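Could you walk me through this structure in plain language? I would like to follow it step by step, with the reasoning spelled out.

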Amino acid sequence: MTIKHYKYSIEGIVQGVGFRPFVYTLALKYSLKGFVLNDSMGVKISLEGRISDIKNFEKDLYDKLPPLARIDNLEKTSSVLKNFNNFEITKSKNDNAKHSLVSPDFAMCDECLNEMREKNNRRYNYFFTNCTNCGPRYSIIKTVPYDRPNTSMQPFVMCKECQEEYDNPTDRRYHAQPISCEKCGPTLSLKDMQGNVISTNLDAIKGLADFIKKGHIVAMKGMGGFHLMCDATNNSTIKNLRKKKNRPSKPFAVMMKSIEDVESSCILSQSEKSRVLSNERPIVLLKTKKNNISSLVAPYIDRLGVFLAYTPLHVKLLDFLENPIVATSANRSGEPIVTNEDDLRDKLDGVIEYYLDYNREIINSSDDSVLQIIDNKDLIMRASRGITPLSVKVKTNEKRKILAVGAHQKNAIAIFLNNQVILSPYIGDLDNIATVEAFYKTLKTFKEFYDFEPDLIVCDKHPLYESTKWAKSQNLPVVEVQHHYAHILSTMFEHDINEKVLGIAWDGTGYGDDGTIWGGEFFVCDRSNYERVAYFEPFLLLGSDASIKDIRRIVLSIILDCEEDTVYKEFLSSFKTSELNLLKQMHKKELNSPKCSAVGRLFDMVAVLAGVCDRVSYDGESGLILESMYDKNINESYNIYLDGEVIKYKHIIKEMIKDKEPALIASKFINSLVDIVCDVSDNYSYKTLLSGGVFQNRTILEKILKRRNNTVFQSKLPINDGSIAIGQLANILS
Ligand code: ZN
Ligand code: ZN
Ligand code: FE
């Protein structure tokens, strides 16, 4: 009987996810001796035993991996026999380099939920139940290694029972950093806006539920921040919420207590269902059917963002309620999610009346992730709780540490070190001080997590982006990457594509190489170069940002580019004469009117012509509304065509005015965008890559995928500007 000794060095998501007890249990199962320990790179194992047992161990290591763990790299070396007496989990080696990965927060697991439901369990109804397979991570961690003293659980001293679980390698809660019970954990308090405590713990949850039932708008501290909440079936409360938040039509997400409730309000495919139930518990956009949810929750559209209760606290709250609830990030419009009660009372005074707080600090904020399922794959619109920080191991010879600061809208940063690319959670649109501060804070957090000081910074080309301005003020080498090229690069990165492709990047705005606003791009490109082979004919954005809000100006601008015709008369009469004359002057002299060729803006144009909206109150509104008007029985399209490198479309306005019927206009326009993608793609033998916010439109995306093989889109990373930082890194890592 030959005994062998092997040493293993494992990298990946292997800390704080029950990996060492898992190894311990496997070692006992196969009578192997040695030890396992955490170090700054991941996990080290020494294993002595019979070859056949070691083989079985290795097989189980991959096959039976704990749900939140991920092995990126495993190195195995043979070593001299040590004749170990037993198998042990030994104390963490503390060296200076911090390379272990920080995990996102995860939803409560089924085992914890069952315990919470068991009358005789000591965690019956306990609102902070968690274990190594679930619960908070990113939101409570100050620095790595992920040990209790480095988290916001540090002030809570474990009681005897919790400590025993924590110390027992065969327990599901072995080294589960946030564990607690009602005896030793954080306290819940229901408060009014003066901070007076109304009730605590389970009574506080019940009290909050009662306020929701009575039609109040309240807030509750969740995993990564506070949610605003109210009854999703109560029209007058939601009307009130919209008025108080000055949010006329942007959809709210709805939290439901069970998948059965989701199925009774929405139409779900199997893959949508499993995504709703997944341990990331994202908000999933679903097609609605007749239900009791107020039509004011997501006005004018036939989709609803739905998610299930994901912490024990949310589960308990919904236990006390019959109806689904609106649950939306608590913030001042456009600002980051609020994470503490002082900010809550300051920023949401006058909006909410009561809130449920607890005395464990949220160290790092996160929002709910938002996605839809297309072609059985994710199409991610916001990557945050459950998804980010997201790390990807890459093969490269690059040794420099690189920071990518992303775009301006939907900002997220990304870092590269030690062959890992790591994407931060969604930060937001950098156009207010609070979000810019959140951007600085995220930079600081990621530097501290990984002892990361960049050798190089990558940013967008736009000189006025806050992220670009910051990058250029750091006295470090800076590389600028064109926005739409970054969109395609991030898609290439995700799909590990290194050859030449046709990259189609459509969005609402992005700084072009000629200083104009791009956003309807067709690139032939690889990892290091791109050529703009087709683009939409530019028009003037009259008054710049004023056109983005008052979208009638876009139609006017394009009409002024066309030959005069009496069909435009009615539309032109919607402007006051003085205003019209002013805008005509602006157009003629190109005053404060940048050239724009972004497809996102063409949706605005069509929304006006279809008579569905004149002003947009949130990014992407016109696209969403037009999509919900799409009639699949209409096969006609407008004649949008390629003339040299220029895509001609301005002439279709005349036909749209004649078509009158909104659904006809919306459907023909969407069909014609699909046509132009397919027409241009047919000119090339390359793979077609689709990226940018416009492709959040599932009708367009699905129609293209149906007509063209060899077409890919982003599904593990956000398809919108949330991936720009990854594209920026990919440009350097090529
Ligand atoms: Zn659990
Ligand atoms: Zn306890
Ligand atoms: Fe973009």
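A residue is called buried when its relative accessible area is under 20%, exposed when that value is over 50%, and partly exposed in between. Keep in mind as we go that this is a predicted model.

Let's put those words to use on helix H9, which spans residues 312-319. This helix is mostly covered, with seven of its eight residues buried. The buried ones are Pro312, Leu313, His314, Val315, Lys316, Leu317 and Leu318. Lys316 has a relative accessibility of 7%, so this lysine counts as buried. Asp319, in contrast, counts as partly exposed because its relative accessibility is 30%. Lys316 and Asp319 form a salt bridge, and their closest N and O atoms are 2.9 Å apart. The two residues are three apart in helix H9, which means that about one helical turn separates them.

You can find a similar spacing in helix H18, residues 599-609. There, Asp604 and Arg601 lie three residues apart, about one turn of the helix. They also form a salt bridge, with 3.0 Å between the closest N and O atoms. Here both partners are buried: Asp604 has a relative accessibility of 3%, and Arg601 has one of 9%.

Now for a salt bridge that reaches between separate elements. The side chains of Arg172 and Glu111 meet at 3.8 Å, N to O. Arg172 sits in the loop between H4 and E6 while Glu111 belongs to helix H3, so this pair ties together parts that are 61 residues apart in sequence. Arg172 is buried, at 19% relative accessible area, whereas Glu111 is partly exposed, at 43%. Salt bridges can also join up into a network, as Lys191, Lys221, Glu341, Arg345 and Asp357 do. In total, the count comes to 52 salt bridges.

Next, let's turn to the metals. Which residues coordinate the zinc ion (ligand 2)? They are Cys159, Cys162, Cys181 and Cys184, each through its SG atom, at 2.3 Å. Along the chain, these donors follow the spacing C-x2-C-x18-C-x2-C. Within this set, Cys159 and Cys181 link distant parts of the chain, 22 residues apart. Cys159 is in the loop between helix H3 (110-117) and helix H4 (160-167), and Cys181 is in the loop between H4 and strand E6 (188-192). Both are buried, Cys159 at 13% relative accessible area and Cys181 at 2%.

Why is the arrangement around the zinc ion (ligand 2) tetrahedral? Four donors count as tetrahedral if all angles lie between 85 and 135 degrees. The four donor atoms here subtend angles of 104 to 117°, so the arrangement is tetrahedral. For comparison, the ideal angle for four tetrahedral donors is 109.5 degrees.

The iron ion (ligand 3) has another set of partners. His483 and His487 each coordinate it through NE2, and Asp507 and Asp721 each do so through OD, at 2.0 to 2.2 Å. Around this iron ion, the four donor atoms subtend angles of 88 to 166°, and therefore the arrangement is irregular. The donor residues are spaced H-x3-H-x19-D-x213-D in sequence. His483 and Asp721 link distant parts of the chain, 238 residues apart. His483 is in helix H13 (residues 483-494), while Asp721 is in the loop between strand E32 (711-713) and helix H23 (724-732). Both residues are buried, with relative accessible areas of 0% for His483 and 8% for Asp721.

With cysteines in mind, how many disulfides does the structure hold? The number is zero. Cys678 makes a handy example: its sulfur is 18 Å from the closest cysteine sulfur, in Cys525, so the two are too far apart for a bond. Cys678 is buried as well, with a relative accessible area of 3%.

Finally, let's visit the surface. Met1, Ile3 and Leu81 make a nonpolar surface patch of about 330 Å². Leu81 is located in the loop between strand E4 (70-79) and strand E5 (87-89). With a relative accessible area of 44%, Leu81 is partly exposed.

Methods: Residues numbered from 1 in each chain as written. Chains lettered and ligands numbered in written order. Predicted model: local features only at pLDDT ≥ 70, side-chain atom pairs only at ≥ 80, totals over all residues. Heavy atoms only, no water. Patch = residues over 30% accessible without salt bridge, like charges linked within 9 Å, V, L, I, M, F, W, Y side chains within 5 Å. Areas by Shrake-Rupley, 256 points an atom, 1.4 Å probe, with all protein chains shown as cover. Salt bridge = Lys/Arg side-chain N within 4 Å of Asp/Glu carboxyl O. Helix = DSSP H or I, 4+ residues; strand = E, 2+ residues; numbered from the N terminus. Buried < 20%, exposed > 50% of the residue type's maximum accessible area, 1.4 Å probe, protein only. Donors = N, O, S within 2.8 Å, 3.2 Å for Na, K, Ca; no water. Tetrahedral: all angles 85-135°; square planar, octahedral: opposite > 155°, others 65-115°. Disulfide = S-S within 2.5 Å.
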